[in-house]
Amino acid sequence: PMEWEMDLGKQISERTLSGLRIDETRSRWLDTFFAFMEIPSDYPIRLYYAQDSLVNAFAMPGGAIVIYSGLFDRLSGPEALAGLVAHEYAHVEKRHSLKSLFRSLGGFLVLSAVFGDLTGLAGLLVDNANTIQNLSYSRHFEREADATAVELLLARDIDLIGMQELFEVLIAEGNRGLEVPEFLRTHPVTQDRLEFARQKALNQKPVRDENLAMAFDSLRQAITPLTPPN
């Protein structure tokens, strides 16, 4: 049930966020950015900005989304951030995180479900909350999240070039050396996903959203302070 999922998500997010360096000011800017995208949802979507060099982002059951500074630093503009946010939002809306948690814990969850023990089920999931950052989504989930994100961006006239750039940055990061970005491990970006975004952008006539640009610039300036005068 959705109420159970949101209660579970609250417990998981509290435990997960306690181990991260959350920048409250930048998190509020991320929430503002999402609000400007005007995406309706039955979930209470909240975005959190984590100070960490990891190139990663992840969604939790119930509506919490974390974006690491290591990934944000590599985004070229508001269109790329919009693509990332829409993709992670899709994982929430389609309940991919919850389904992947179920899959990762396997037999324990089956037994709890068979006996109708939702309390025990929630406890088991919360106890394994540390796995949420390392969940690997199936190819089906990734394609579904891509399709949903593209649909959301097209409906809002947000340039799909940003989503393409996001994928290109991640692929380039993965090709730089032996250390593969965490985002690529959990959200494997393949050439066909990049081509999907390119094809969808062919006939698009995007419009620059000044609100998204303002929110993105505020985030960027907070990360790279202006040089003080001499």
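1. Let's start with the hairpin. Strand 2 (residues 57–59) is joined to strand 3 by three bridges, and the two run antiparallel. One pair to look up is Ala 57, which sits opposite Ile 67 of strand 3. Four residues lie between the strands of this hairpin, and Gly 62 has a positive phi there, near 95°. Keep in mind throughout that this is a predicted model.

2. Now for the other neighbour of strand 3. Strand 1 (residues 46–50) pairs with strand 3 in the parallel sense, over five bridges. You can follow the register residue by residue: Arg 46 is opposite Ala 64 in strand 3, Tyr 48 has Val 66 as its bridge partner, and Ala 50 has Tyr 68. As background, strands of a sheet pair through backbone hydrogen bonds, either parallel or antiparallel.

3. Put those pairings together and you have the sheet: three strands, open, in the order 1-3-2, with mixed pairing. Strand 1 and strand 2 are at the edges with a single partner strand each, so each has one side without a neighbour in the sheet. On average, neighbouring strands here are turned by 15° against each other, if direction is ignored.

4. How many residues of strand 3 are buried? Five of the five, residues 64–68, so the strand is largely enclosed by the rest of the structure. In a regular strand the side chains alternate between the two faces of the sheet. Here Ala 64, Val 66 and Tyr 68 point one way, while Ile 65 and Ile 67 point the other way, and all are buried. Strand 1 has four of its five residues buried, so it too is largely enclosed by the rest of the structure.

5. What lies across the sheet strands? Helix 2 lies across strand 1 and strand 3, and runs at about 140° to strand 1. So when you rotate the view, helix 2 is a handy element to pick out against these two strands.

6. Helix 2 also has a helix partner. Two packed helices are described by the angle between their axes and the distance between the axes. Helix 2 (residues 24–37) packs with helix 4 (residues 78–93) at an angle of about 85°, and the axes are 11 Å apart. Angles of 65 to 115 degrees count as roughly perpendicular, and that is why helix 2 is described as roughly perpendicular to helix 4. On the helix 2 side the contact is made by Leu 30, Phe 33, Phe 34 and Met 37; helix 4 brings Pro 78, Leu 81, Ala 82, Val 85, Ala 86 and Tyr 89. The residues of this contact divide into ten nonpolar, no polar and no charged.

7. A loop residue worth clicking on is Ile 22, between helix 1 (2–17) and helix 2. Setting aside neighbours within four places in sequence, Ile 22 is in contact with Leu 17, Ser 27, Tyr 48, Tyr 49 and Ala 50. Its C-alpha is also 9.8 Å from that of Ile 67, although Ile 22 and Ile 67 are 45 residues apart in sequence.

8. Further along the chain is helix 8 (residues 139–155). Helix 8 has 17 residues and spans 24 Å from its first C-alpha to its last, close to the 24 Å expected at 1.5 Å a residue. An α-helix has 3.6 residues a turn, so residues three or four places apart point the same way. The buried residues of helix 8 are Phe 141, Glu 142, Ala 145, Asp 146, Thr 148, Ala 149, Val 150, Leu 152 and Leu 153. After helix 8 comes Asp 157, with a positive phi near 55°.

9. Is Arg 143 buried or partly exposed? Arg 143 is in helix 8 and is partly exposed, with a relative accessible area of 47%. Along the chain, Arg 143 and Asp 192 are 49 residues apart, yet their C-alpha atoms are separated by 9.8 Å.

10. To finish, the overall picture. The chain has twelve helices and three strands. Of its 230 residues, 49% count as buried. Among contacts between residues at least 6 apart in sequence, 72% join residues at least 24 apart.

Conventions: Residues are numbered from 1 along each chain as its sequence is written. This is a predicted model: local features need pLDDT of at least 70, side-chain atom pairs count only at pLDDT 80 or more; totals for chains, interfaces and linings use all residues. Side-chain values use heavy atoms; hydrogens and water are left out. Buried means under 20% relative accessible area, exposed over 50%, partly exposed in between (1.4 Å probe, protein chains only). Two strands pair if DSSP finds at least two bridges between them. Axes are lines fitted to C-alpha atoms, for helices over the stretch in contact, and angles run from 0 to 180 degrees between N-to-C directions. Angles under 35 degrees count as roughly parallel, over 145 as roughly antiparallel, 65 to 115 as roughly perpendicular and the rest as oblique. Contact means heavy atoms within 4.5 Å. Ala, Val, Leu, Ile, Met, Phe, Trp, Tyr, Cys and Pro count as nonpolar, Asp, Glu, Lys and Arg as charged, and the others, Gly among them, as polar. The expected span of a helix is 1.5 Å times one less than its number of residues.
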